[in-house]
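This briefing covers selected local features of the structure shown below. Points are grouped by topic.

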Amino acid sequence: MNDVLNQLHIQEQNGGVSTGTQWLETSGSRITSYSPVDGNAIATVATADDAAYEAAINTAQAAFKEWRLWPSPKRGDVVRQLSDALRQNKEALGKLVSYEMGKSLQEGLGEVQEMIDICDFAVGLSRQLHGLTMHSERPGHRMYEQWHPLGIVGIISAFNFPVAVWSWNAALAWVCGDVCIWKPSEKTPLCAIACQQIVADVFAKNGVPEGVSTLIIGEREMGQKLAADNRIPLISATGSTRMGKAVGAAVGARLGRSLLELGGNNAIIVTPDADLKITITAAVFGAVGTAGQRCTTTRRLIVHESIYDAFKEKLVAAYRQLRIGNPLDAANHVGPLIDKDAVQSYLQSIEACKAEGGIFIVEGGALSGDGFESGCYVQPCIAEVAPHYNIVQHETFAPILYLMRYTHFEEAIAIQNGVPQGLSSSIMTLNLREAEQFLSAAGSDCGIANVNIGTSGAEIGGAFGGEKETGGGRESGSDAWRIYMRRQTNTINYSTQLPLAQGIKFDL
């Protein structure tokens, strides 16, 4: 791993606050990043203090005044070069993501590819930041709308996608003319430092002002500081529903904007007309990918009673084939949880499920022994449950899959929607009527609804996000760029008169 750290220019002295090419002096405490793969300490980095935070905010404010005046296509060209730099560093950054976070190497490389993809998307977007032209009711008037940069965008990201979710926000915000301040998870600071080093090199070559990309390393309190800062008009936060409610309250209290991507409790409905071969693959990957630590992880399977037993047999057989171990080994399907606290949460959820009557058809448990010395590896498990169980209403960030049956299609929809979260959903069916009903207003209440694919693995071209306790935010594709800008309606009078709207008369 030392060669990876060297290639990405990560040293022990990195950390604290970076405004681009400059690392600011800080007297903050230090964070040691431990790999859940083997339990080893990777590196120790500094955290920000109040003085460095203020310096970073001031630098970002000054940078915005210049950056917002760059033509958007020129900003897009800088992001294009960042995309090229990420391609050059894909293997090294992907390995670091896998080692520091614990996801499989394939998923680590896939996360870097997401960064590349969103940069490419943003480059095209830089020439399409369009408004509308409207007809005025007043003669000799023209009315239209345009979009302007918003200012500083604060990005608070989670450990499970330590680089991709930041890039979803940053790439779009940059082409929109905003500057970004990123507070990454304290569990994966090295991935963030690596990204900042790559960005800083590209930005410096293009004369981008210092402060357009700012990194602040810190604990939870630093995220609270960002949320409460009225100099930051938009906070984009990814994490638990509990965290999102706190961020939303703090930002709302100052009438700022928040973009919240919070918990998921995602289900796949399996109908009698499902293709069971692809259904099994979708369900297993959705449930155990990233060791169940995705917000889009499949947590519930809702299976029609007529195929329930046959499906259960195939599902259990597939689980028996899973290989658990070092995620850098391509032969393994499942890596570790992020830390030992996550393991304890997993074990507590298993006990809570059993206490309510859940029957485990694939037993779970913490793994130990050769290859599992970090204490972060667990066995993916499956429990037969009733939809009303309290544990089923909650998101456990671990590979626990709940299996339940249904009789009527409307019942399946009600079970699917009967949880507080509303991120991702899926139906496996070759029945056109069922598919269309699932996608209708009376169907899935989630922000993402899929047919014949799983709940995870969203592409960057579509807006990503969910409803209810998932937070309502949208990131990545479609028109998600609008959250990073402010709308302005313009009316121009080119006549020699001053007619008023609504026919109001005011004569002097």
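**Buried polar residues**

A polar atom of the S424 side chain lies 2.7 Å from the backbone oxygen of T455. The model is predicted, and the points below describe its buried polar residues, one helix, its salt bridges and a nonpolar surface patch.

- S424 belongs to strand β20, which covers residues 424–428.
- The relative accessibility of S424 is 1%, so this residue counts as buried, the cut-off being under 20%.
- N490 is placed in strand β25, and its side chain makes a polar contact of 3.0 Å with the side chain of Q488.
- N490 also counts as buried, because its relative accessibility is 13%.

**Helix α2**

- Helix α2 comprises 18 residues, 50–67, and at 1.5 Å a residue it should span 26 Å; the C-alpha atoms at its ends are 25 Å apart, which agrees with that expectation.
- The buried residues in α2 are A52, Y53, A56, I57, A60, A63, F64 and W67.
- These buried residues lie on the same side of α2, because they cover an arc of only 135° around the axis.
- In general, an α-helix has 3.6 residues a turn, so residues three or four places apart point the same way.
- D50, A51, A62 and K65 are exposed on the other side of α2.

**Salt bridges**

- The count of salt bridges comes to 21, with a side-chain nitrogen of Lys or Arg required to be within 4 Å of a carboxyl oxygen of Asp or Glu.
- One of them pairs E91 with K95, whose closest N and O atoms are 3.5 Å apart.
- Both E91 and K95 lie in helix α4 (residues 90–101), where their separation of 4 residues amounts to about one turn of the helix.
- E91 counts as exposed because its relative accessibility is 52%, whereas K95, at 29%, counts as partly exposed.
- K183 and E186 form another salt bridge, with 3.0 Å between the closest N and O atoms.
- Within this pair, K183 counts as buried because its relative accessibility is 5%, while E186 counts as partly exposed at 26%.
- A further salt bridge joins the side chains of E469 and K245, at 3.6 Å from N to O.
- E469 lies in the loop between β23 (467–468) and β24 (475–476), and K245 lies in helix α9 (residues 241–253), so this pair ties together parts that are 224 residues apart in sequence.
- E469 is partly exposed, with a relative accessible area of 30%, and K245 is exposed, with a relative accessible area of 52%.
- D77, R80, D84, R87 and D120 are joined into one network by salt bridges that share partners.

**Nonpolar surface patch**

- L498, L500, I504, F506 and L508 make a nonpolar surface patch of about 650 Å².
- L498, one of the residues of this patch, is found in the segment after β25 (485–493).
- The relative accessibility of L498 is 69%, so this residue counts as exposed, the cut-off being over 50%.

Notes: Residues numbered from 1 in each chain as written. Predicted model: local features only at pLDDT ≥ 70, side-chain atom pairs only at ≥ 80, totals over all residues. Heavy atoms only, no water. Patch = residues over 30% accessible without salt bridge, like charges linked within 9 Å, V, L, I, M, F, W, Y side chains within 5 Å. Areas by Shrake-Rupley, 256 points an atom, 1.4 Å probe, with all protein chains shown as cover. Helix = DSSP H or I, 4+ residues; strand = E, 2+ residues; numbered from the N terminus. Buried < 20%, exposed > 50% of the residue type's maximum accessible area, 1.4 Å probe, protein only. Expected span 1.5 Å × (residues − 1). Arc of directions from axis to C-beta. Polar contact = N/O pair within 3.5 Å; in protein donor to acceptor, adjacent residues only side chain to side chain.
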